[in-house]
Amino acid sequence: MTHSFLLEIGLEEIPAHVVTPSQNQLAKRVSDFLTEQRLSFGEVKAFSTPRRLAVEVTDLADKQEDIQEEAKGPAKKIALDDEGNWSNAAKGFVRGQGVTTDEITFKELKGVEYVYVNKFIAGKAAKDILVQIKAVIEAMTFPTMMHWANYDFKYVRPIRWLVALLDNEVIPFSILNIESGRQTQGHRFLGKAIDLETATEYVEKLATQYVIVDSKKRKETIRTQINALENNQSWHIIVDEDLLEEVNNLVEYPTVFSGHFDEKYLDIPDVVLMTSMKDHQRFFYVRDLNDAILPMFVSVRNGTEANIANVEAGNEKVLTARLEDAAFFYQEDQKQTIDDYVERLKNVTFHDKIGSIYEKMERVQLMAQIIGKREGLNDRELTLLQRASEIYKFDLVTGMVGEFSELQGIMGEKYALLMGEDSAVAQAISEHYMPISADGELPKSKIGAVLAIADKLDSISSFFSVGLIPTGSNDPYALRRQAFGVVRIVESRQWRFSPLEVLNDIKALATLHPALFTKMSVGENDLEVLSFINDRMKQWFSNQKVSYDVIESVIGSTDADLLTMAEAAVTLEAHKKDSDFRETIEAVTRVLKLADKNNETDLSVEATLLDNVAEKELFERVETIQRRIVDLTPEELYHILSEIRPLIENYFDQTMVMVEDAKIKQNRLNQLSLIAKMSSKLGDLEKLNIK
């Protein structure tokens with residue numbers, strides 16, 4: 001016999017972005033709980049609205065599975081005393097297993113006899129187990145949690161009711177002053193409280209109280225209504241999936257409606273209109289069949305069509321106020337020049353320990369030129385890059401960005417074009433923020449990519465130089481995202497880019513332009529910065545499914561070139577299954593271990609001190625490789641290491657490195673150090689797992 005079990009947590013309105021993750025979390029926690037309790041079940045159906053999280057468990061077993069198992073106790077010599085009576089150890093063991101000494105048997109294990117008993121544990125009834133479901137509810141975690149009343153207990157929002165039904169029977173438990181029962185709540189305004197007779201009528205009964213509790217069905221209802229409106233009006237309604245998810249988690253009974261605004265607001269850039277509608281009002285915007293934006297919007301009401309005209313009018317009034325502000329700022333912002341705005345940035349603090357945004361821009365100008373030249377930008381591109389870096393933050397002090405902060409960079413591009421800047425400069429202003437998330441869009445232009453890298457590196461080095469280094473999950477200035485952005489941009493562009501070289505460049509700039517770095521201790525935290533960027537490189541490698549040991553190896557590369565690291569990772573991954581991979585790495589590792597004992601920086605090798613054939617053969621081969629080591633790709637370098645493996649093995653067969661003669665020992669260490677230095681361009685090969 002199987003059962004259905006319903007659990008519902010009734011709450012004050014949950015933030016929209018928390019609803020779906022919480023629904024999934026509850027379903028997983030309930031599933032894990034039942035599995036741990038040995039209660040078999042069919043499916044855990046998850047439900048949610050802004051006011052509730054719920055699961056329905058189908059085909060739940062009547063009771064736990066019985067357990068028949070053999071338990072091992074103490075050795076026989078401990079279980080019996082000298083007179084053959086049961087010792088306290090034996091008695092304590094059987095008591096703990098719920099049996100008597102009469103059930104003891106002996107079995108031999110590895111030459112020693114031990115006490116064994118067979119025990120039977122009868123499964124408990126499901127209803128007796130389910131009272132513990134309270135612990136599942138209390139264990140839930142959320143991004144933000146709150147206290148209420150005088151309770152110490154914290155939750156995403158105050159709990160208002162609890163439903164726990166096994167078929168038609170209430171599973172009794174309480175959280176704070178809330179007792180579990182069978183009463184659920186309908187729509188806050190349209191419905192009423194209702195009693196559920198059985199667990200299986202949950203969805204249908206709530207539907208009669210204007211609650212569509214199945215979030216997937218609710219979302220599909222919204223999508224269907226939008227499609228119908230779109231077809232009836234010959235519109236193209238832009239359904240942003242993130243916005244649809246958010247709106248879906250704001251309503252319990254959705255009704256789609258449309259509204260309009262004055263055509264005069266179409267003079268505002270589309271991006272401002274879309275931001276006003278989507279980000280500020282949670283509206284979907286509308287285009288015609290030629291993709292031109294229309295003076296219309298689409299929204300979703302939490303209720304029926306009753307008095308929908310009043311709802312439309314109210315939303316139109318709110319949107320009009322937002323658009324009126326936007327139109328005002330758009331006109332006022334154009335009354336000043338870019339130079340006016342740049343001058344105002346001198347009084348805008350980037351961070352009180354670092355300086356102004358204007359000073360940051362001056363540092364980025366210098367850094368951008370260095371990076372641009374290194375990455376092969378031509379003279380025209382460098383000139384455009386210089387202009388972009390001189391003004392790229394100007395829109396931060398415009399009225400529009402002050403009101404709509406999410407438009408920073410975007411309005412910079414719009415205003416730059418309106419004020420006569422080159423389109424490449426305007427594009428770079430917008431692109432320097434990219435990527436704005438871990439997997440966000442990357443700059444499309446070279447100038448934008450260089451400016452983005454320079455800006456991000458300045459932020460990272462500046463905050464590190466004043467001791468504001470991310471710790472644990474604490475990263476208030478999003479430095480991890482910025483460092484990962486640098487890695488992604490460089491990799492996508494296939495640029496040769498060394499963070500170590502950049503840090504050296506910054507130190508040189510600090511020496512030449514000390515006024516721009518007055519509050520910073522440049523260079524003191526370079527090792528932390530390198531480690532920080534390397535950690536982001538590890539993250540990128542991990543996303544590419546590179547093995548952990550290969551990641552650790554290539555990050556140890558002395559080259560420190562991000563693209564070379566990526567190429568080295570591809571090479572090592574490709575050859576891990578080669579029949580001679582292990583032997584090659586073992587030979588090189590043996591070289592590395594001895595090279596670690598060499599404290600000399602001058603690695604010259606005297607040919608006259610080579611006294612056996614193996615030494616001379618290896619010396620000649622390495623000398624040939626050294627002449628072209630700079631031009632070798634990681635793939636070519638690996639093949640060379642594989643080819644010289646027999647020479648290395650022969651060398652160790654015929655040569656004692658750590659001899660008493662100091663000159664010969666040093667010569668041999670130098671010879672091995674040259675090979676170690678060469679192999680280090682692939683990475684720290686000692687970290688490869690070759691077992």
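1. Two strands count as paired if DSSP finds at least two bridges between them. With that in hand, this note covers one sheet and the cavities of a predicted model.

2. By this criterion β14 and β16 are paired: seven bridges join β14 to β16, which spans residues 293–302, and the two strands run antiparallel. One of the residue pairs can be looked up directly, since Phe257 has Ser299 in β16 as its bridge partner.

3. These two strands belong to an open sheet of four strands. The order across the sheet is β13-β15-β16-β14, and the pairing is antiparallel. At the edges lie β13 (236–237) and β14 (254–260), each of which pairs on one side only.

4. A helix packs on this sheet: α7, residues 215–233. Helix α7 touches β13, β14, β15 (284–287) and β16, and its direction makes about 35° with that of β14.

5. The cavities are a separate topic. Three cavities of 30 Å³ or more are present in the structure, and the largest cavity has a volume of about 110 Å³.

6. The lining of the largest cavity consists of 18 residues. Nearest its centre lie Ser461, Ser465, Ile506, Val522 and Gly523. Helices α17 (446–465), α19 (499–512) and α20 (526–543) each supply at least two residues of this lining, with the largest share, five residues, coming from α17.

7. What is the character of the residues in the lining of the largest cavity: nonpolar, polar or charged? The lining is mixed, with seven nonpolar, six polar and five charged residues.

Terms used: Residues numbered from 1 in each chain as written. Predicted model: local features only at pLDDT ≥ 70, side-chain atom pairs only at ≥ 80, totals over all residues. Heavy atoms only, no water. Contact = heavy atoms within 4.5 Å. Axes fitted to C-alpha atoms, helices over the stretch in contact; angles between N-to-C directions. 1 Å grid on protein atoms, 1.4 Å probe; cavity = no way out; pocket = protein on both sides within 12 Å on 5 of 7 lines; lining within 4 Å. Points joined across faces, edges and corners; volume = space filled by probe spheres on them. Nonpolar A, V, L, I, M, F, W, Y, C, P; charged D, E, K, R; others polar.
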